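Let's take a walk through this structure together, with the sequence at hand and the model open beside it. We will begin with a sheet and end with a few backbone details.

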Amino acid sequence: MIGEGAGCEICFAYPNFQWKNAAAHNAGVTVSIVGLAAKGANDEKILYEVGQKNGQDDLLKKKIVSNINAYLIGAEDIIVEAHSKPLSAKISALGGLITKGNQPTEGGNLLLTFSEKEKLLQETQGKVSKFIRPILGSAEFIRGEERFCIWVKPEEVEEAKEIPELAERFEKVREFRLLSSKETTRKKSFTPWFFDEVRQIDKGLTLLIPRVASEGRDYITAGVISNNVIVLDSAFSLFDAPLFCFALISSRLHRLWIGLACGYMGTSIRYSNTLGWNTFPVPELTEEVMEALTLSAQKILKAREGHYPATIAEMYDPKRMAEDYPALLQAHEENDEIVERHFFGMRPKTDEESLARLMNLYAQEIKKLGSVTGKRPSQKGKRK
């Protein structure tokens with residue numbers, strides 16, 4: 001797969017490690033070292049990894065494997081490709097489709113800070129209260145920030161237009177969209193009381209998944225929020241969601257898969273619904289497993305509530321989680337055990353082993369679909 005045209009393959013690899021030098025302030029650079037050899041020249045390949053010695057990441061370990069693929073793991077040559085729906089038939093059947101949140105494109109006229117919301121309520125003597133909804137994007141959710149938006153349902157348009165303060169804002173949205181270079185956005189100038197792209201479903205649970213996550217966190221920090229909250233397009237959303245999906249997304253395995261399949265934006269992990277969630281090779285889900293995952297999800301959420309008012313950023317700080325938020329860490333570790341035993345029967349000993357097993361599961365699922373891939377992975381957003 002690697003260097004196929006040149007007839008070569010990876011004979012050894014030292015996957016991602018942080019570059020260190022004697023400079024006072026080291027640059028945030030991550031490096032991978034790869035060795036190439038003529039195809040078939042080496043039956044055994046070497047994967048290096050860093051272990052700990054006296055609490056320091058300075059012990060170099062090596063593992064002999066039969067093949068090193070493009071993701072620098074010991075597994076067969078296969079490339080993860082985007083899928084339009086989850087590989088798991090059960091997840092698809094239960095509506096587990098992750099989409100982008102709602103895109104405003106409104107020039108600052110439909111979004112409100114807390115003080116702007118309060119001022120608008122005062123100016124209209126509370127008449128706009130039914131049209132104001134809380135909003136959450138990735139940053140707002142992770143940092144615990146409070147923002148709002150003007151949200152008008154189709155049957156409420158005429159009523160909203162009768163309020164002068166709202167009518168003025170709608171006119172500004174119309175003018176803003178007319179100046180867009182995108183034809184689709186200009187067309188939305190005829191409905192300035194709506195967001196540019198609306199995906200909200202006001203029923204059931206809503207899962208929010210940040211589109212970009214800190215590399216340092218061990219978990220994807222998804223959230224379960226009220227369906228009254230509008231999800232912004234800076235996050236992904238799963239509307240009317242089955243709660244067991246939260247347990248899967250919140251697992252260590254899923255965090256590892258996203259890092260492998262979706263790549264990075266700078267040093268942060270970027271989430272993708274089609275490339276990360278839809279390709280996550282979840283084994284067949286029985287009613288018993290879904291019930292266990294649902295209970296596990298509830299334990300994680302209850303642990304978060306117990307640490308209120310700490311923000312998601314604070315609770316998932318890897319330097320503080322074990323000491324300051326032990327109940328949350330324990331809930332995640334219990335969830336990891338449930339997920340990993342469902343996937344593999346027994347828990348892997350290392351991240352590298354987890355990734356290799358996930359890749360093999362993915363390969364099995366792809367073969368079931370009759371799909372053969374020989375494409376190279378996209379370099380967009382990949383770590384250099």
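Helices and strands here are DSSP runs, numbered from the N terminus: a helix is a run of H or I with at least four residues, and a strand is a run of E with at least two. With that in hand, a good place to look is Q125, which sits in the loop between α2 and β7. Please keep in mind that this is a predicted model.

The elements around that loop belong to a sheet worth tracing. Four strands make up this open sheet, and their order is β6-β8-β7-β12, with mixed pairing. At its edges are β6 (111–113) and β12 (230–231), each of which pairs on one side only. Strands of a sheet pair through backbone hydrogen bonds, in either a parallel or an antiparallel sense. For β6 and β8 (residues 147–150), the sense is antiparallel, and three bridges join the two. You can pick out one residue pair here: T113 has R147 of β8 as its bridge partner.

Now bring in the helix. Across β6, β7 (132–136) and β8 lies α2 (residues 114–123), and the helix runs at about 100° to β6.

Next, let's turn to the backbone. Most residues other than glycine have a negative phi, and most peptide bonds are trans. Against that background, Q125 deserves a second visit: its phi is positive, near 55°, although the residue is not glycine. Is Q125 buried or exposed? Its relative accessibility is 72%, so Q125 counts as exposed.

T105 offers another case, with a positive phi near 45° in a residue other than glycine. You will find T105 in the loop between β5 (99–100) and β6. The relative accessible area of T105 is 22%, so this residue is partly exposed; the buried class covers values under 20%.

Which residues does T185 touch? Leaving aside residues up to four places away in sequence, T185 touches T105, R177, S180 and D196. T185 itself belongs to helix α6 (residues 183–187). With a relative accessibility of 3%, T185 counts as buried, whereas its contact T105 is partly exposed.

One last stop is a peptide bond. Y308 and P309 are joined by a cis peptide bond, with omega at about 10°. To find this spot, go to the loop between α10 (287–306) and α11 (312–315), where P309 is located.

Conventions: Residues numbered from 1 in each chain as written. Predicted model: local features only at pLDDT ≥ 70, side-chain atom pairs only at ≥ 80, totals over all residues. Heavy atoms only, no water. Pairing = 2+ DSSP bridges. Contact = heavy atoms within 4.5 Å. Axes fitted to C-alpha atoms, helices over the stretch in contact; angles between N-to-C directions. Buried < 20%, exposed > 50% of the residue type's maximum accessible area, 1.4 Å probe, protein only.
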